[in-house]
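Biologist: I should like to learn how to read a model of this kind, beginning with its confidence and moving on to its sheet and its charged pairs. Where should one start?

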Amino acid sequence: LDNGILVNHQINWLSPYKDRTTIVVGEKGALVADTAMADLTFYENGSTRVQWDQVAAFRGVSEGTVTRYAIDKREPLVVEQENFRDAINGIGANHVSMREALETLRITEAILESAREGYAVTL
């Protein structure tokens, strides 16, 4: 990205399983969100040096503490319907504005144009 952040997208429609993970890697470790199972896990970088040089070259940083966060696991369709009801009734803030929805659509159309035409689209 323009701000120096590296992004990688892997999409696979062929596998027989659904993998819905988002991984954010930072200087202290990796935060993994599994949106299919509603799990959030932080893999902390370790502070111990790996003694075996060949393994150290392959593995990178050592493994540290792994923290799995407790998140309420609610049925997604129920949550969607509750948020829709609240939006109609003018309560709650668990919905996007029309402006946010239009911006998302604009970005999606730019992604499709870029893929179709083979060049970067500037927004």
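Modeller: One starts with pLDDT, the predictor's confidence in each residue, on a scale from 0 to 100. The model before us is predicted, and the mean pLDDT of the protein is 86, with 93% of its residues at 70 or more.

Biologist: In which elements is confidence lowest and highest?

Modeller: The lowest mean, 65, belongs to helix H1 (residues 53-59), whereas strand E3 (residues 39-45) has the highest, at 95.

Biologist: In what order do the strands of the sheet lie?

Modeller: The order is E1-E2-E3-E4, in an open sheet of four strands with antiparallel pairing. Strand E1 (21-26) and E4 are at the edges; each has a single partner strand, so one side of each lacks a neighbour in the sheet. From one strand to the next, the twist averages 15°.

Biologist: How many bridges join E3 to E4?

Modeller: Five bridges connect these antiparallel strands. As for individual positions, Leu-40 is opposite Tyr-69 in E4.

Biologist: Let us turn to charged side chains. How does one recognise a salt bridge, and how many salt bridges are there?

Modeller: The criterion is a side-chain nitrogen of Lys or Arg within 4 Å of a carboxyl oxygen of Asp or Glu. By this rule there are six salt bridges. One of them joins Asp-39 and Lys-73, with an N to O distance of 3.0 Å. This pair links distant parts of the chain, 34 residues apart: Asp-39 belongs to strand E3, and Lys-73 to the loop between strand E4 (63-69) and helix H2 (76-88).

Biologist: Is Asp-39 buried or exposed?

Modeller: The cut-off for buried is under 20% relative accessible area. Asp-39 has 17% relative accessibility and therefore counts as buried. Its partner Lys-73, at 49%, counts as partly exposed.

Biologist: Which residues form a salt bridge within helix H3?

Modeller: Arg-106 and Glu-103 do, at 3.1 Å from N to O. Both lie in helix H3 (residues 98-117), three residues apart, which is about one turn of the helix. Arg-106 is partly exposed at 39% relative accessibility, and Glu-103 is likewise partly exposed at 35%. Elsewhere, salt bridges with shared partners join Asp-39, Arg-68 and Lys-73 into one network.

Biologist: What is the distance between the closest N and O atoms of Glu-82 and Arg-74?

Modeller: In that salt bridge the atoms are 2.7 Å apart. Glu-82 is partly exposed, at a relative accessible area of 25%, and Arg-74 is partly exposed as well, at 45%.

Definitions and conventions: Residues are numbered from 1 along each chain as its sequence is written. This is a predicted model: local features need pLDDT of at least 70, side-chain atom pairs count only at pLDDT 80 or more; totals for chains, interfaces and linings use all residues. Side-chain values use heavy atoms; hydrogens and water are left out. Helices (H or I, at least four residues) and strands (E, at least two) are DSSP runs, numbered from the N terminus. Buried means under 20% relative accessible area, exposed over 50%, partly exposed in between (1.4 Å probe, protein chains only). Two strands pair if DSSP finds at least two bridges between them. Axes are lines fitted to C-alpha atoms, for helices over the stretch in contact, and angles run from 0 to 180 degrees between N-to-C directions.
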